[in-house]
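Me: I have a model open in my viewer and would like to talk it through. Could you take my questions one at a time?

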Amino acid sequence: MIIMRQKFKKTSSTNKRDITNISSEYEVNLSNELESNKKEIYRLLGNSSDLVTREFQLGKIRPINARILFLDGLIDKEFIQNYLLNPLINDLRESKSDEKVLDVQELYQFIKDFTITTAELAEIKNFKGLLEHLLAGDTILLIDGIAKGFAVGARGAKERGVEEPTTQKVVRGPKDSFTETISVNIALIRKRIKDPNLWLESFAYGRKTKTKVTIAYIHGIVNPRIVDEVKARLAKIDIDGILESGYIEELIEDETYTPFPTMFNTERPDAVSAALLEGKVAILVDGTPFVLLVPALFVDFFQASEDYYQRSDISSLIRLLRYIAFFLALLTPSVYIALTTFHQEMIPTTLLVSLAAQREGIPFPAFVEALLMEITFELLREAGIRLPTPIGSAISIVGALVLGQAAVDAGIVSATMVIVVSLTAISSFIFPSYSLAISVRMLRFPFMVMAATFGLFGIFIGLIILTLHLTSLRSFGIPYLSPFAPFIAEDQRDAVFRAPRWAQKKRPRLINQRNTRRENAGQPQPDRKG
Amino acid sequence: MKIILRLFISLIICLSLSGCWSAKELTDITLATALAIDKDENNEYKVTIQVVNPSEVAGDQISSRSSVATYSATGRTMFEAVRKITKISPRKVHLSHLQILVYGEEFAREGIGETLDFLIRDHGFRTDFTIAIAKGLTAEDLVSVLTPLEKIPAQKIASSIESSQDNWAPSKEVLLNELIESVSSEGKDAILTGIYVQGDPDEGKSMQNVESADAPAKVRLDAIGVFSGDKLLGWLNEDQSKGFNYITNNISSTVGWVNCGDGDRTITLEVINSETKIKGSIKNGKPEINLDLNIAVNVADVECSIDLTNTEERNEVEKKLEQKTVDLINDSVSAAKEYESDIFGFGAAIRRSDPQEWKNVKDNWATLFPETDVKANVTVQIEQSGMITTPIYNDIKKKTKEGN
Amino acid sequence: MEKIDGKQFTILVIMNTLGASIIFIPSIATGFGKENGWLTVLFSIAFGMLIVSMYSVIIKQQAERDIFCFIEDTFGKWFGVIIIILFNGYLFTNASANLWAIGDFMSLQILMGTPEQAIELIIIGTALIAIRHGIEVIGRTAEVFFPFTMLSTSLLTLLVMEEANWQNIQPVFQLNRLDTFVGTIPIIVITFLELFILLGITHKVNRPKSAQKGLLLGGFISGMLLLVITTACIVVLGLKATTHYTYPIYALGQRISLFNFLERVEILVAFIWFFTIFFKISITFYILSNGMSYLLKLKNHKTLSIPLALLLFLGSAILIPTTFNVFTFIYGPYLVFSVLFTIILPICILLINSVKSKQQKGS
C-alpha cells in the first residue's frame, strides 16, 4: 500500500510539470491583430474541424474587422444570430452613434455597454481565458486593433431533459431525476430548498476535462468539520480527467479496500434534498446524473426515498423486509451448503429425505453445484443489463425458465438448488441501492467457501469478520454502522423502522451536532371541540 | 492490516483446499430411522438399523423397490457393532434422524443399562428418539417389518406411540433423558412401551406386506413394560397402563365408559384434561401416598336414556367414573407392587415432600414399596355435552316402542 | 485515543462472564447442589457481586490509568514488573484455555472430524483481526452481536419451558445443603473472578464511573442469565442428564420445539456460547498484547499481536493436549493462577493503596 502510494505521487508530480509548461504557453496575452489571434487559436486547437469562425465588419463609415469563434455543437446558433450578430452587424451599422466616428477603444466600450444584449458576458485578455471559455461552449468575439475580447455565454449543447429516474423508481413521489448538466441539477435542488443557507461551492477538477464539481450543503445544519473534510479531500485530487462521480468517489472515499460503499449515489433530487436537510453534503459532478452524498452510513443503503412518502408502518415493514433480504441474499447459498453437507441433523427428517432424493444422481458436491448456479446467474444478470431491453428480457426468460428447468431435468443440479439461487437473486434485487447489491453479490462467494469448509461455524466466523470490518469503517469520520454500533437510541427512529414524521424530532446525531431539532409540532391532534 | 488480511486469506484458502474434514454430501450418507438392539447367541450385541431409501420415499419416479432397508451387525460392544454396519452399508450411516430405538424383549430382560452410555455419549445421536421394546420378538424382526401406509416404518411407530399416548393413553413416549433419569435416580423405576407384530413377522419383511390392503403382518402397540433397575420384569395390561398414566399425570386425552342406569347400556366420556397431584409421606414407618386427581370430561356417546340436564343424574355418572378410575389406579398399583417396581415415582414423591424421612427409608425402598398405602381421591367434572344435549337414544327408543 | 462507552463495556462484561461459564455452569451447579443447583448459582451471584464490588473499588483507584501502569505505581518498579510478567502469564493461560475449550466443543459437537487445531487457528486468526482493529471496533462488534446472543438465550429458555417439570427442583433446599454452598466456589472462580481481567480495558471507557457501573451491572445480568439457564436445564433435562452432559445447554437446545416446526436448532444455540467466548478470547488477547507491549515499552500493541496469536495457538495445544488433561489443568496451575491474580492481587492492591493514602494523610 505504502509503495503504491509513493508510486502514485511520483507519477502525479511528473504530470504536473507537463501541465505547467503548457499553461505557461497559454498565459500569453492576446495581441492587437485579429489575424494573428485567430491563427494562434487555430494553432492551439490543432486546426480542429469543429472550430467555426465568422468574420464581419463593424460600422458603416469606417468599418472595423471583427470575428466570432465558437465550437460547433456547443452553442445555440439562433441565439448568437439574434442577439449577437444581428446587433453587431445591423444595429451598429444603422445606429446614430455611428455618425460620430469612434476609435477602437470607444467602440469596444460601446459594444459592451449598448450592443450585446446577452446575459452572460465576460472580458478576456489572454489565451488561457479565451480557451477556457471557448472550450466550455462560449462564443468568442474578437475585434481588430484591440488586445481584448468578449466571451458571450450562449451555450446550447444538446442535452437530455429532465426525465424519470431509471435506477431508483418510486410508486409515490417525485418523478424527476438529475441530468448530465450540473446547472440543471443544481436548479432541481434549489427548487426544493428555498433557503439562503443552501450554500454551493464549485471547483473544477481534471487537468484535461476541467469538470465542474459542486458541493452543496445547508449552512447551519451541516457539521462544518465534514464540509472542511470534503473540501480537503477534494483539494487533493489531481487527475487528468473526471467523467463520472464514481471517479470522485474512488478518489476521496475513506477506505478503498472494502466491498461496501461509503458514499451514497443517487439520481433523485428529492433524495439529495432530504440528505441535505439531514446535514449531509452533496457532491454534484458535471456530466453525470449521479450525485454523491456524504457521509453515507450502512443504513442509508436500505432506505429508499419512497419510505418517507408512504405511511410509516408500511415503510417500516418494507425496510424490515430489506434487512431480511440482505441476509437472504448474502447467506442463502452458504446456509444451504452448510446444512446439507455439515449439519444434516438440523433439517427435518421429511425434508432431508426429499432433499436426499433430489440429490441422488447429481454428480457435483453441493458447493460446486451452488457455485455453478450462482455463476450462471451472475452471467445471466450481467447479460440482461448490458443488452438492449427487448433482448434483455428474452435472456432472462431463457435463463430462468429454459436453463433452470433443463439443468434440473438433466440431473446436473437439484431443484432445491434452483430455488435457493432464485431466492438469492430475488432478494438481491430488493435493495434500493445498486452499490450495496453489488457488494452483497460479491460477498456471497467467500461465504460459500467458508460454508463449504467449516459449515455454519465458517458462516459465523465470516459474519464476525464482516462485522469487525463494518464497525471499523468510517464515512467522513462517522462510524459506518451507526446507529447500531455505536448504538444510538434516538436514531433508531429512522433505521430499521421509520417512525412517523412527527416522532422524528431530531436529525441523525453523529452527522449533525449543532442544529439537531427538525420537527416541533408533535403528533397531529384532530380538533375535538368541533 | 494488509498483511493480516493477506495472511488470513491465504490461511482460509489453505484450509478450504485441504479442508472439508467433516463435510458429508447427502449422496454419501444414509439416514437411519430405527435402531434395534438384541443379543445374539454368543452374547454379543446385535445391532440392526433401518435406513431410508430416499428416492423411493420422495423421488420423481418411484419403482417397486422397498423404501427402507435393514442392516445388522454384531459386536462385543455397542459402538463396535454400529461401526461394523458401515462395512455392510454402502454409505455412512447417519444417526441424527433416528426416530425410534427398540430393544428386543429378551435383551431388555437381561438389562439395558450398558447401552445407555453409548447412546448419550455419541454425538451422532440427537436425544429426541422414542424408546420402546419389541414384545415377544427380537427387535431386529420388528424393525424389518414394512408398513403399508407410511413409507418409513420407524416414523409410523414413533408417531403411533405419540398419538396413542395423546388420545388413548395406554402407552408412553419415553425419551432418552427420561429413561436415564428413571434408570439411574432413586425413588423411581423405568417403563417402556411395548410393540409387537400381529401376524408372521417373516411375512412382514417382504414387499407383499405393503402391497395388500390387509397386511399379513401388522405392527401393533402394546401396553407398558415394567422395569426394575435396567431389567424388564413384565408387562402391565392396557387398563393398568392407563392407570399408570393417570397416576403419573401423563393423560392428555383418553376415553372412559360407565354403565348407565342399571342395565348394560353405556355412556362414554372423553377425558379432556386430567391433573394429578402426588403427595407422599411416611407414617409409622409405612409409606403413604395420596393421589389427588381432577378429571374434566366431555360427553362423547350416550347409548342409553339419561337426562343430562338433571344434576343428580349427571352426578351419578361422575361418581361412577370416579370409582372406575380409582379401580384402574388400584389395579395398576397392585400390579406394580407385584413386580416390586416403583414405576410411578412414589419414592421420589416422598423425597420431595418429606426429604428428612426419605433419608431413612431410601436404602430399603425396594422392600418398602410393596407396602405403600395408596389413597386415590378422584374428582370428575362433566364439562360439555358435545353437539347435542338430549340423547338421540331417547327418541329412537320411543319410536321403536311406538312401532311395536 | 479510541474509547468505548459504558454500554459497550457492560456488554463486554456480560460476554466475558458468560464466555467461559454458560456452557459449564449447569453441570457444575447440579453436580454439587443436585436439585438445589439453581440455589448454588443464586448464592454464587451473591458472593460474586461482593468480589465484583471489590474490583469496582480498584477501578476507582485506577483513575484512568492502564492496569499495568497502575500495578507498577502500586508495587513499585521492580516488584511491579515481576507481577506484570506473571499477570501476563495468567492472561496467556486464560486465553489459551478458552481457545482450547471452544475448539474442543466445536470439533466435538458441531464439526465432527475437523481437527481442533484448524478451528482454533481460525478463531485466533479472527481474534487477531479484531484486536488489530482496536478496542473500539471490538466493543462495537460486541454491541452488534449482543442482541442476537440475548435473543437466542431467551428463546432457548422460553421455547423449552413447555417441557418443564418443576418437580425436578423439589424439595427446595432440604437436602445437600453443604454441597450447595461448596458448589459456589468453582462457579465463582469460573464466572466472576475472571472479571478482574477486564480491569485492563477500564481506562478505555470514556467515563470511569460508567466502567464501575458497567462492571456491577454486567456481572449481575450475566449472573441472572446463568441462573435462568441452570434452572431451565434442571427442570427440562432433569438432574441426572444435566450432570452427565459436558455441554448441557447444547442438550437443552435439542429440546427446543415450536409447533413441531422450529426444531433441531441446537447448533444455533451453541453459537451463543461461541460468540460470548470469542469476545472473551479477543479481550484477553487484547489486554495481553497491551501488557506485553507495556513490558517491552512498545508504542503500539499491534507489533506483538501476530507472534502472540501464534503462541496462544500453540499454548492451547500444549497446555491441554486431551480432554482429560483439562481437569489436571483446571485444578492445577490454572486454579493457582486464578486465585493468585483475581483474589490475592486485588486484595494486595487495596491494602497497599489504603496504607499509602493513610501515610499521605499522616504526612
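Me: Happy to start with chain A: how many helices and strands are there in chain A?
Reply: This is a predicted model, so the count describes a prediction. In it, the secondary structure of chain A comes to 15 helices and 12 strands.

Me: What is the radius of gyration of chain A, and what does the globule rule give for 530 residues?
Reply: Along its principal axes, the C-alpha trace of chain A spans about 105 × 70 × 50 Å. Chain A is more spread out than a compact globule, because the rule gives 24 Å for 530 residues and the radius of gyration is well over that, at 30 Å.

Me: What percentage of the residues in chain A are buried?
Reply: Let's begin with the contacts in chain A that have a separation of 6 or more: 66% of them are between residues 24 or more positions apart. As for burial, the share among the 530 residues of chain A is 38%.

Me: Now chain C, please: is it compact or spread out?
Reply: Chain C has 15 helices and two strands. Its C-alpha trace spans about 65 × 45 × 35 Å along the principal axes. The radius of gyration of chain C is 20 Å and the globule rule gives 21 Å for 363 residues; the two values are close, so chain C is as compact as a globular protein of that length.

Me: What percentage of the 363 residues in chain C are buried?
Reply: Of the contacts in chain C between residues at least 6 apart in sequence, 82% join residues at least 24 apart. The buried share of chain C is 58%.

Me: Which element of chain C gives the largest share of the side that touches chain A?
Reply: This contact takes 23 residues from chain C and 22 residues from chain A. On the side of chain C, α5, α6, α7 (135-160) and α13 (266-295) give two or more residues each. The largest share is six residues, and it comes from α7(C).

Me: How do the residues on that side of chain C divide by class?
Reply: Here we stay with the side of chain C that touches chain A. Its residues divide into 14 nonpolar, three polar and six charged.

Me: Which element of chain C gives the largest share of the side that touches chain B?
Reply: The contact takes 26 residues from chain C and 20 residues from chain B. Elements of chain C with two or more residues on this side are α5 (77-110), α6 (116-133), α11 (239-244) and α12 (248-254). By class, the side has 14 nonpolar, 10 polar and two charged residues. Its largest share, six residues, comes from α6(C).

Me: Where in chain B is confidence lowest, and where is it highest?
Reply: Chain B averages a pLDDT of 83, and 93% of its residues score at least 70. The lowest confidence in chain B is in helix α1 (residues 2-18), at a mean of 64, and the highest, at 91, is in strand β5 (residues 100-104).

Me: Which strand gives the largest share of the side of domain 1 of chain B that touches domain 2 of chain B?
Reply: The domain assignment of chain B gives domain 1 (26-235) and domain 2 (243-404), and 32 Å separate their centres, taken over C-alpha atoms. In the contact, 16 residues of domain 1 of chain B meet 20 residues of domain 2. On the domain 1 side, α7 (153-167), β8 (218-228) and β9 (231-235) each supply at least two residues. The largest share there is four residues, from β8(B).

Me: Which elements of chain B do the buried residues of α13(B) pack against?
Reply: Helix α13 (residues 346-353) of chain B is mostly covered, with seven of its eight residues buried. Those buried residues include B:F346, B:I350 and B:R352. They pack against β11 (266-283), β12 (286-302), α14 (355-361) and α15 (365-368) of chain B.

Me: Which helix gives the most to the largest nonpolar core?
Reply: In soluble globular proteins, nonpolar side chains tend to be buried together. The largest nonpolar core in this model has 329 residues, and A:I459, B:V102 and C:L195 are among those with the most contacts inside it. The helix that gives the most to this core, with 19 residues, is α15 (residues 434-472) of chain A.

Key:
Residues are numbered from 1 along each chain as its sequence is written. Chains are lettered from A and ligands numbered from 1 in the order in which they are written. This is a predicted model: local features need pLDDT of at least 70, side-chain atom pairs count only at pLDDT 80 or more; totals for chains, interfaces and linings use all residues. pLDDT is the predictor's confidence in each residue, from 0 to 100. Two residues are in contact if their C-beta atoms, placed from the backbone, lie within 7 Å. Ala, Val, Leu, Ile, Met, Phe, Trp, Tyr, Cys and Pro count as nonpolar, Asp, Glu, Lys and Arg as charged, and the others, Gly among them, as polar. A nonpolar core is a set of buried Ala, Val, Leu, Ile, Met, Phe, Trp, Tyr and Cys residues joined through C-beta atoms within 7 Å. A residue is buried if 20 or more other C-beta atoms lie within 10 Å of its own, exposed if 12 or fewer, and partly exposed in between; C-beta atoms are placed from the backbone. The radius of gyration is taken over C-alpha atoms; the globule rule is 2.2 Å times the number of residues to the power 0.38. Domain bounds come from an automatic or database domain assignment.
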